[in-house]
Amino acid sequence: MATPKTPRSRCPVPLSPRITHQWLPPCERTRVTVRVLLLPNAVGAKGSRGSNGSLDSQEESPRVGGGGGSSGKAKDERPLLKPGSATSEAADAATPSESLEELEKKYAPYVRKDAYGTMGRGELQPVEKVLLGIALVTLVPIRLVVGIFVVVLYYLICRLCTLFYAPNQEDGKDDYAHMVGWRRVVVVRTGRFLSRVLLFVLGFYWIRKSHRSCSAEDEDKQPVESERPEVVVSNHISYVDILFQMSSYFPSFVAKRSVARLPLIGIISKCLGCVYVQRESKSSKGVSGLLTERIQEAHQNKLYPMMMLFPEGTTTNGNYLLPFKTGAFLAKEPVLPVILKYPYNRFSPAWDTISGVRHVFLLLCQFVNHLEVIHLPVYYPSEQEKDDPKLYANNVRKLMATEGNLMLSDIGLAEKRIYHAVLNGNSLPRVLHQKDD
């Protein structure tokens, strides 16, 4: 009787914590979860951070040899993270033994607590399903049509106002921030009005605004003649933040250079006077230099638009303030702090741990959305703060946290990517080696 043959494994490579995603054969890649990559001995040691605080990406090790077995490949000794980095510590902490509650406590600034659950995929109550169904056949189509019409209308207005008008293309710029006369008036006034219309279409029928006044001690420190601040700084929660800022101040924003080439949105961003940045650019000024230059231009020429900056560098759930980057404070000019809050009952407009399409859909399905805005007095830096941008940024951050009843958090974008990787089951090395956009 013939001895039955032992079936050969189609995946001869043993699963090891030190094997990264790109070293696994195709049949194993789909089975590897982030839990394997998060084992303590899988996280080697430690990546470097650049001068701007972002994690430096590392090049992938090339494959050596051929064949389907592990014998034909060189062992991957490249550490996923270098010791001492914040990302390494966050990855070490996210062990498979941790429950979802423990992860949410550790990454609290990015956790959603609305009726739709984490990632917007929670189990819905029957009443919520009925409300979504009603909104799907009534609100969503109307809001989509009206919203697209508003965007196209403003695109045509911007196209008309920029007709036969050359953009500013000095030093790699490509905008209409220097636009003056009737063109500028039409672009700004229609832009503010139509931005408010879009907010109304999204369900923000009423926006509650409040203004905080200076104390008697602070008023003595303010200049006698109040000037228009060149910089508005705000906490960042959602893409809705941009629409509100456009309806209130119509400022310039920082955007990736690819935004200028987007259909419809590209010409609108140029009329806003956006500062386009490109990480691969070898410009000697850098992002901070471009921001400082634009802020100083706005200070010297009041016809230039204000700069709107989100110093946290990413979005949160609205209950926390992350550490501030210093880009908005390097110019040593006064800033206007603005605090945004989105009270909700069912759906949180905060854009975190949820895909863009799902978030837009659920936002359109809400019958009413709420937005509260707190305008703080213009913050004039002291001489000590002018000499120390980090001190300037930290003091503004503490003031915003106190006035807005927000909690301070020390984690940042690196930890956010770790949390998202755990939720999505993505490959940890691919997430960690991404560049900060």
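1. Let's start with the aromatic cluster in this predicted model: Phe324, Phe329, Tyr379 and Tyr392 belong to one such group. Tyr392 is also among the buried residues of helix 14, so you may want that helix in view for the next point.

2. Helix 14 runs over residues 389–404, and its 16 residues reach 22 Å from first C-alpha to last, close to the 22 Å expected at 1.5 Å a residue. Its buried residues are Tyr392, Ala393, Val396, Arg397, Met400, Ala401 and Gly404. Because these residues cover an arc of only 165 degrees around the axis, they sit on the same side of helix 14.

3. What lies over that buried side? The cover includes strand 2 (231–234), strand 6 (320–321), strand 7 (335–341), strand 8 (371–375), helix 13 (383–387) and strand 9 (407–408). Just after helix 14 comes Asn405, with a positive phi near 55 degrees.

4. On to the largest nonpolar core, which holds 55 residues; Tyr154, Phe204 and Leu371 touch the most other members. Among the elements that each supply at least two residues of this core are helix 5 (126–137), helix 7 (181–201), strand 7 and strand 8. Helix 6 gives the largest share, seven residues. Leaving aside residues up to four places away in sequence, Tyr154 touches Val187, Thr190, Gly191, Leu194, Phe250 and Ile268. There is also a second, separate core of 25 residues, with Val233, Leu291, Leu321 and Ala328 among its members.

5. Back to the rings: a search of the whole structure turns up 10 aromatic pairs. One of them joins Tyr165 and Tyr176, with centres 6.3 Å apart and planes at 40 degrees, so this pair is tilted. Both residues lie in the loop between helix 6 and helix 7, so the pair ties together parts that are 11 residues apart in sequence. Are the two partners buried or exposed? Tyr165, at 21% relative accessibility, counts as partly exposed, while Tyr176 is buried at 7%.

6. A further pair, Phe204 with Tyr342, is edge-to-face: the centres are 6.1 Å apart and the planes make 75 degrees. This pair links distant parts of the chain, 138 residues apart, with Phe204 in the loop between helix 7 and strand 1 (207–211) and Tyr342 in the loop between strand 7 and helix 12. Phe204 is buried with a relative accessible area of 0%, and Tyr342, at 9%, counts as buried too. Phe204 thus deserves a second look on screen, being one of the core residues that touch the most other members.

Notes
Residues are numbered from 1 along each chain as its sequence is written. This is a predicted model: local features need pLDDT of at least 70, side-chain atom pairs count only at pLDDT 80 or more; totals for chains, interfaces and linings use all residues. Side-chain values use heavy atoms; hydrogens and water are left out. Helices (H or I, at least four residues) and strands (E, at least two) are DSSP runs, numbered from the N terminus. The expected span of a helix is 1.5 Å times one less than its number of residues. Buried means under 20% relative accessible area, exposed over 50%, partly exposed in between (1.4 Å probe, protein chains only). The arc is that of the directions from the helix axis to the C-beta atoms. Contact means heavy atoms within 4.5 Å. A nonpolar core is a set of buried Ala, Val, Leu, Ile, Met, Phe, Trp, Tyr and Cys residues joined through side-chain atoms within 4.5 Å. Rings of Phe, Tyr and Trp (its six-membered ring) pair if their centres lie within 6.5 Å; planes under 30 degrees apart count as stacked, over 60 as edge-to-face and the rest as tilted.
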